[in-house]
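The following exercises ask the reader to work from the coordinates of a single protein chain. Each task is followed by a solution that proceeds step by step.

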Amino acid sequence: MKFTSILLIFLGFLTPIVGFSQIHLEGEVRILMKEGLIDCSFELSNVPEIEAYNILLNKGMNIQFFQNTEKQVIPYSGYYNGRMRGEALAYTFIDENRQLEPMPKKFSIKYRGAFPVYEDLLNSFDYKGMIAFNGKTLRAAEQSKWYPVIYDVAKDKLLDAFSYSIKVICEDCAQVFINGDVPSAARDHVFQSSVPRQPMLFAGEFPVLENKGNYILNVNLEEDKANMIFKEIDKIKLFFAGKMQIPYNEKIFLISHKAVTPYKPDQTWGFAIFPTFAYSGVDFNALINGGGKLEPSNLSFFAHELAHYYFDTKILSGPQAWFWLESTAEYLALKAVEEFSPEFYQNRIKGYANFLSGKNYKALAKIKKRDEIDEDYRYVFGPLLLLVFELEFGNSITFQILSELVKRSELASISLDDFKEIALEKGVSLLEYSRFEEKFLNSSEALTHTVEKILSHE
Ligand SMILES: [Zn+2]
C-alpha cells in the first residue's frame, strides 16, 4: 500500500529531459564524505546553439572559472546579485561590454561545494533537489544541479541528460554509483554512459546486491528476498516486451537512502531518475508478500515506472504530451496488474472510474495546452481512455498502436493524428474510429462516456 500513496507525489517531481541534441559531460569529481566536500572539473561539449540560455549550477557550488577550448578564462555574469532558478544560480557568458555571448559548443568549468553532513542534527525538509550528505551516503540527484545544467530560456526547457565520462575519486567511499553506469567499489573510477542520462550521484558506504544486471543499493536484504524482488521486476519487463513486441533492454537500479529530515515510522518517499528508483522510509523486506510476490499495489507502482522504458521523454510532444508520457505508462501498469493480479485490477479500474465521476475534463482532442492535462487527467482519466479504446478494438490492436507510437517518437513528434493513422493501418475501420473519436476524444461528454463504458463493462 505504501507505494500508492507516494506515487502521485513523486511523479510530480519527474522533470522532463527534453531535446534531441546530445550534450556530452566529461570530467572529474573528488568527494570528501566526512567533510561534505565536492570538487568538480567538467567539460561540456556538443552543446546546442541556444540564443537565450542559462548555465545552472547548485547554489552551494563556488565557481573557480569557466574556460574555453584554448584554456582561456571566459567572463560570465551571475556571480553578483545573481538570479536563482530552483536550486541553482543562473550564469551566462558575457563579452567585455557585459553583453550576452552566444553559447559556445564546448566549454569547461571548475567549482567546489561544501555541504552540511547531516548525522544527528537534521533539517526540516528534504527533497530531490538536495545535495544530501548524511555521514553514510551522498545523494545528489539531477534536480540538485550538482553538475552544470543548460536551461533553454525560449523553450523553457532544461537540458540535463547527457552522455558522460566522469572520473570519481573518493577516499572515504566504499561504493560509488552514477545513474547510467553500474556501481563501483574502486576509490578512483571512471563512470561512463553513451546513452544520455541524468547522472544522479550516490556514494558512500552501503551494500550492493546484484542479479542479472539489476541492482539494489543500500539495503540489508537476505539474498532470497532480493532475488524475489529481482524476479518480479523481470516478470514485468518480460510481460511488457511481449506485449509491446520491443525487447526490454534496460537494467534497473533500486536505491534506499536516508532522508536528512526526520521521518515518521510509516512515512515514505520515492523518486525515479530512469532507470534508477530511489526510496526513503521503504521497508524492502516488506515489498514481497508470503507467496514471494510483489503486493499488487507495489507491482502496479513498479510496472508504471518500468513502462517509462518505452514511454520516455522522447514521446513528450504537443498539447497531449502528458497523455503520451504518463497515461500510456499507467495503462501499461494496469495491464500488468490485470495479468498478475486480476482481482486487484478490477477494483482498481472501478476505483479510477468512480474517482472520475462528477469531474469535469476537456476531451483529449480539445486540449490546447500541456498543463490542461493535470495529474488526475494523466494518471487516471488518460489510462481509462486507452482502456476504452481497448474495450472497443481489442488488446492486441491497442498494444500494436502503442508500440508503433514509441517507434515513431524516436524520429518525430507524435500527435493524435498518428494514433488515428496507425489505428487505421492496423485494421480499425474509418467509420468505427470516427465513432470512437467523436464519443471519447471530442465530445464535451467524453469523461462521462468513459466512466460509463468502464463501469458497464464486467
Ligand atoms: Zn510516470
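## Exercise 1: A cis peptide bond

P275 is located in the loop that connects β20 (269–273) with β21 (276–280). The model under study is a predicted one.

Task. Determine which residue is joined to P275 by a cis peptide bond, and state omega.

Solution. Step one is to take the loop between β20 and β21, where P275 lies. Step two is to inspect the peptide bond between F274 and P275, for which omega is about 5°. The bond that joins F274 and P275 is cis.

## Exercise 2: Positive phi outside glycine

Task. For K71 and K145, give the value of phi, locate each residue among the strands, and decide whether each is buried or exposed.

Solution.

1. K71 has a phi of about 65°, a positive value, although K71 is not a glycine. K71 sits in the loop between β4 (61–67) and β5 (76–77).
2. The relative accessibility of K71 is 60%, so K71 counts as exposed. The cut-off for this class is over 50%.
3. K145, also not a glycine, has a positive phi of about 55°. The loop between β10 (137–140) and β11 (149–152) holds K145.
4. K145 is buried because its relative accessible area is 6%, and buried means under 20%.

## Exercise 3: Cysteines

Task. Establish how many disulfides the chain contains, and assign the handedness of the disulfide of C170 and C173.

Solution.

1. The criterion is a pair of cysteine sulfur atoms within 2.5 Å. The sulfur atoms of C170 and C173 are 2.0 Å apart, and these residues form a disulfide.
2. The torsion about the S-S bond of C170 and C173 is about 75°, and the disulfide is therefore right-handed.
3. C40 takes part in no disulfide: the nearest cysteine sulfur, that of C170, is 12 Å away. The count is thus one disulfide.
4. As to accessibility, C170 and C173 are both buried. C40 counts as buried because its relative accessibility is 1%.

## Exercise 4: The zinc site

Task. Identify which residues coordinate the zinc ion and describe how the donor residues are spaced in sequence.

Solution.

1. The donors to the zinc ion are NE2 of H304, NE2 of H308 and OE of E326, at 2.0 to 2.1 Å.
2. Read along the chain, the donor residues of the zinc ion follow the spacing H-x3-H-x17-E.
3. H304 and H308 are both buried.

## Exercise 5: Domains and the cavity

Task. State how the chain is divided into domains, then describe which residues line the largest cavity.

Solution.

1. The division gives domain 1 (2–13 + 211–307), domain 2 (24–207) and domain 3 (313–456). Taken over C-alpha atoms, the centres of domain 2 and domain 3 are 38 Å apart.
2. There is one cavity of 30 Å³ or more. The largest cavity has a volume of about 60 Å³.
3. The lining of the largest cavity consists of F323, L364, L385, L386, F389, L416, F419, Y433, F436 and L441.
4. Two or more of the lining residues are supplied by each of α6 (375–393), α8 (416–425) and α9 (430–442).
5. Sorted by class, the lining of the largest cavity comprises ten nonpolar residues, no polar and no charged ones.

## Exercise 6: Separation in sequence and in space

Task. For the pairs H457 and E232, V282 and H457, and L430 and G242, give the C-alpha separation, and add the setting of H457, V282 and L430.

Solution.

1. H457 belongs to the segment after α10 (446–456). With a relative accessibility of 40%, H457 counts as partly exposed.
2. H457 and E232 are 225 residues apart in sequence, and their C-alpha atoms are 29 Å apart.
3. V282 lies in the loop between β21 and α3 (296–307). Its relative accessibility is 10%, so V282 counts as buried.
4. V282 and H457 are 175 residues apart in sequence and 36 Å apart in space, C-alpha to C-alpha.
5. L430 is part of helix α9 and, at 48% relative accessibility, counts as partly exposed.
6. Between L430 and G242, 188 residues apart along the chain, the C-alpha separation is 28 Å.

Note on methods
Residues numbered from 1 in each chain as written. Predicted model: local features only at pLDDT ≥ 70, side-chain atom pairs only at ≥ 80, totals over all residues. Heavy atoms only, no water. Buried < 20%, exposed > 50% of the residue type's maximum accessible area, 1.4 Å probe, protein only. Donors = N, O, S within 2.8 Å, 3.2 Å for Na, K, Ca; no water. Domains from an automatic or database assignment. 1 Å grid on protein atoms, 1.4 Å probe; cavity = no way out; pocket = protein on both sides within 12 Å on 5 of 7 lines; lining within 4 Å. Points joined across faces, edges and corners; volume = space filled by probe spheres on them. Helix = DSSP H or I, 4+ residues; strand = E, 2+ residues; numbered from the N terminus. Nonpolar A, V, L, I, M, F, W, Y, C, P; charged D, E, K, R; others polar.
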